[in-house]
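Me: I'd like to talk through the aromatic residues of this chain with you. Could we start with one ring and work outwards?

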Amino acid sequence: QVQLVESGGGLVQAGGSLRLSCTASGGTFGVYGMGWFRQAPGKEREFVAAISRLGITKRYSDSVKGRFTVSRDNVKNTGYLQMNSLKPDDTAVYYCAAGYTLESRPRDYDYWGQGTHVTVSS
């Protein structure tokens, strides 16, 4: 059973940057693909990015491509989401997830963190 804990969220002005972290415990982090999702108030959870277990393959949603970068450090059991050029539309609760997948559907992931809030002011 893998436990995931996100950190790094906060309030930032439009155009600014944040780096989210997702630290895993209780399992072998390196066997899982890792995904990042977000959910804004009143909206469904949406895919943001995913990275393969060795960090070779990465996927991004069109809305964040070129602005966000996903990475991981399996020695530290931690994944990262570097978010640059943030926009007010990026405001959401951000979740990391782990599973034997790189798909964009939340149901394909087995383990989830509790989420971290990101607010981008205009």
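Me: Happy to have you here! Is Phe37 buried or exposed, and what is its relative accessible area?
Reply: Keep in mind that this is a predicted model. Buried means under 20% relative accessible area. Phe37 falls in the buried class, and its relative accessible area is 0%.

Me: Which kind of pair do the rings of Phe37 and Tyr109 form?
Reply: Tyr109 is buried too, at 5% relative accessibility. By the ring-centre rule the chain has seven aromatic pairs. In the one between Phe37 and Tyr109, the centres are 5.2 Å apart and the planes stand at 80°. Planes over 60 degrees apart count that way, so this pair is edge-to-face.

Me: How many residues apart in sequence are the parts that Phe37 and Tyr109 tie together?
Reply: Phe37 sits in strand 4, residues 33–39. Tyr109 belongs to the loop between strand 9 (92–99) and strand 10 (111–112). The pair therefore ties together parts whose separation in sequence is 72 residues.

Me: Is Trp112 buried or partly exposed?
Reply: Its ring partner Tyr95 counts as buried at 13% relative accessibility. The centres of the Tyr95 and Trp112 rings are 6.4 Å apart with planes at 75°, so they meet edge-to-face. Trp112 has a relative accessible area of 26%, which makes it partly exposed.

Me: Lovely. Which residues do ring pairs link into a cluster?
Reply: Tyr95 in strand 9 and Trp112 in strand 10 are 17 residues apart in sequence. Ring pairs join them in a cluster whose members are Phe37, Phe47, Tyr95, Tyr109 and Trp112.

Key
Residues are numbered from 1 along each chain as its sequence is written. This is a predicted model: local features need pLDDT of at least 70, side-chain atom pairs count only at pLDDT 80 or more; totals for chains, interfaces and linings use all residues. Side-chain values use heavy atoms; hydrogens and water are left out. Rings of Phe, Tyr and Trp (its six-membered ring) pair if their centres lie within 6.5 Å; planes under 30 degrees apart count as stacked, over 60 as edge-to-face and the rest as tilted. Helices (H or I, at least four residues) and strands (E, at least two) are DSSP runs, numbered from the N terminus. Buried means under 20% relative accessible area, exposed over 50%, partly exposed in between (1.4 Å probe, protein chains only).
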